Amino acid sequence: MRRPSAAALRAGAVRLVALAAVVTAVGLLPWLSGKDPALALLRARSAEQEPTPEALAAIRADLGLDAGPSGLLGGWLGRLLHGDLGVSWVSGAEVLPAVGAGLGVSLTLMGAALATALVVGTLLAAPALLRGRATGGTVAAVLAAVPEFLFALVLVLAVGVWLGWLPTSGWAGPAHLVLPAVALGVPAGALLGRLVADALPAVLGERWVELWRGAGTGRWRIAGAAVRRAMPALAGQFGMVAVGLTGGAVAVETVFAVPGIGRTALGAATSQDLPLLQGCVLALLGLGLLAGAAASLVRRRLLGPASREAGLGLPAPAPRRIPRAVPVGLAVLLTGVIGWGLLRDPYAVDVAARLAAPSPGHPLGADALGRDVLARLGHGAAATVGTAAAVTCVSWLVAVVLGFVPGVAAGLADVANALPPVLTGLLVAAVTGPGSGAAALAVTLVSWPPLAAHAAALVQEIRASRFLLAQRAIGAGPLWVWTRHVLPSVAGPVARHAVLRLPGIALALASLGFLGLGARPPSPEWGLLLDESADYVERAPVPALAPAVALALLAALAVCLSSSVGGPRARAHPLLRLRLPSVVASRRVRPLVPPHATPPVRTPRAPAAGGRSADRLP
């Protein structure tokens with residue numbers, strides 16, 4: 001058995017430290033919140049009782065809140081090891097049964113959503129498998145970019161309200177499961193289908209496929225082998241999709257009033273029921289970690305020991321080019337609407353125009369208070385997109401710094417990937433209270449891992465390239481090399497990658513605003529606008545759906561940008577581009593397998609007399 005490398009041990013240690021830090025933060029929520037838990041508990045039990053010092057002291061002594069942060073954490077961990085999650089501050093009931101009941105509902109919903117995602121992903125990937133090339137993909141990309149809560153609202157309005165086919169709230173039978181599962185599973189399935197459809201053409205272009213066809217192997221057997229060949233490289237992405245289901249379940253359960261663990265956690269955060277919130281967060285965190293661990297285990301089993309040593313990868317798929325007029329048109333449309341809205345007053349109230357339809361005075365109608373929807377959309381863009389730009393800059397800076405310590409970055413990223421933005425938003429809101437700053441902090445904490453992985457890959461390539469050795473050989477100092485060559489080679493491509501993620505970050509901020517974890521009224525933030533408009537969508541569909549259309553256009557723009565611009569590895573530093581082919585020739589570093597290189601495979605043998613091939617995919 002091969003002993004783990006120092007880098008693997010370092011990443012494992014960092015992973016354990018980061019996980020311990022998250023658990024510690026959850027255990028210290030009553031202390032980190034900065035509020036008196038005894039006062040909150042007294043008000044939850046009896047709003048009429050006077051908060052005298054004696055009454056508050058009795059509550060602190062009863063719950064062990066007077067022991068300080070160390071005593072509070074120690075007591076909570078001790079009860080946790082014995083399976084005791086405490087007592088709800090609002091209802092006075094045990095937390096563990098409530099968490100178990102909510103977890104059972106959420107697991108049922110996630111299972112149905114995962115089955116829906118597999119069906120949708122199979123349908124979207126089938127044309128690429130049958131034709132051997134990337135086909136379409138625009139519909140899949142747009143569906144994958146639309147947030148679950150936005151898709152859920154569309155289903156509620158179209159299928160539940162207008163058509164009346166299925167119930168839109170509650171959890172009373174199989175019929176109540178359909179719409180939430182579709183809302184949660186379709187975006188996830190679209191993402192899975194697009195990933196597989198992008199990977200299959202590269203697999204079907206490898207040499208072993210041609211040899212199998214020449215040997216007379218059946219078409220369906222080749223298709224199955226190609227799917228299996230693509231799975232190891234995509235297993236991590238599949239795990240991320242499963243983790244995303246835990247975060248998306250919070251919004252979907254809220255829209256459809258499903259009594260799952262996500263809706264329970266959101267209610268606990270809103271009412272400051274910290275013991276119940278602690279139990280829900282631990283359950284959601286455990287689901288995320290299990291999903292990531294399962295994906296890693298599946299990948300290792302699919303690779304096998306030999307292929308695992310070789311670092312099996314896939315050729316990079318060719319970027320899908322979208323006509324430049326499409327993203328330009330979307331950008332012009334969004335910019336025009338936002339600019340027009342900025343010229344109007346978003347807080348002026350016209351009582352006579354409440355829920356008014358579009359008119360010359362109100363081009364997009366008016367909301368329930370008579371405020372102009374166009375003006376609120378325009379001014380809300382500054383709050384939503386402006387905050388997203390600030391979060392993107394901070395994430396880029398963190399990624400560039402952590403890219404130079406890949407062992408630390410990998411361990412932290414594993415824990416950060418198990419925390420969807422909604423879950424992080426729940427934790428931050430419990431400490432600081434809901435608000436724009438809390439939402440920005442929550443999204444920042446989980447948005448840097450993809451950028452850090454990109455930065456780490458570039459740093460490894462630069463360290464293995466000959467031009468760096470040449471610079472040192474001619475007498476260039478370390479500071480000169482790092483500031484003039486290494487840092488520009490990393491910062492530039494990662495910055496372009498970060499710009500492509502800006503719309504997605506804006507959508508994450510909007511989702512927190514929709515759940516009440518972001519901006520507070522009367523702010524015109526887009527997610528908050530959508531939350532406010534959901535109450536009158538039947539009476540005034542145009543004013544209510546205007547924020548949803550704006551978010552959908554933003555999602556479509558994100559898809560077009562990511563497809564029309566080369567991958568995040570494009571446009572590296574000129575010296576790096578010229579000398580990357582010499583990476584393997586360097587003797588002072590460990591040779592690297594470029595991500596675009598086709599991994600070695602064994603030459604298959606011809607099928608035996610019985611018609612069954614004797615070869616096996618590596």
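## Exercises on a helical protein chain

Helix H15 passes helix H18 in a right-handed crossing (right-handed means that the near helix is turned clockwise from the far one by less than a right angle, left-handed anticlockwise). Helices here are DSSP runs of H or I with at least four residues, and strands are runs of E with at least two, numbered from the N terminus. The model is predicted, so local features need pLDDT of at least 70 and side-chain atom pairs 80 or more, while totals for chains, interfaces and linings use all residues. Residues are numbered from 1 along each chain as its sequence is written, and side-chain values use heavy atoms, leaving out hydrogens and water.

**Exercise 1.** Find H15 and H18 and describe their contact.

*Solution.*
- Step 1: look at residues 373-403 for H15 and 436-447 for H18; their axes come within 9 Å and cross at roughly 35°. Axes are lines fitted to C-alpha atoms over the stretch in contact, with angles from 0 to 180 degrees between N-to-C directions.
- Step 2: pick out Thr387, Val391, Val394 and Ser395 on H15, which meet Ala440, Val443, Thr444 and Ser447 on H18 (contact: heavy atoms within 4.5 Å).
- Step 3: sort these residues by class, and you get four nonpolar, four polar and no charged. Nonpolar covers Ala, Val, Leu, Ile, Met, Phe, Trp, Tyr, Cys and Pro; Asp, Glu, Lys and Arg are charged; the others, Gly among them, are polar.

**Exercise 2.** Which residues of H10 are buried, and why do they line one face of the helix?

*Solution.*
- Step 1: go to residues 207-214, where Trp208, Val209 and Trp212 are the buried ones (buried: under 20% relative accessible area; exposed: over 50%; partly exposed in between; 1.4 Å probe, protein chains only).
- Step 2: look down the axis of H10; the buried residues line one face because they fall within an arc of 105°, taken from the directions from the axis to the C-beta atoms.
- Step 3: recall that an α-helix has 3.6 residues a turn, so residues three or four places apart point the same way.
- Step 4: turn to the face away from the buried side, and you meet exposed Arg207, Glu210, Arg213 and Gly214.
- Step 5: follow the buried residues outward to their packing partners, helix H9 (175-204) and H11.
- Step 6: move just past H10 to Gly216, whose phi is positive, about 85°.

**Exercise 3.** How many helices and strands does the protein chain have?

*Solution.*
- Step 1: count along the chain to find 24 helices and zero strands.
- Step 2: add burial to your picture: of the 618 residues, 45% count as buried.
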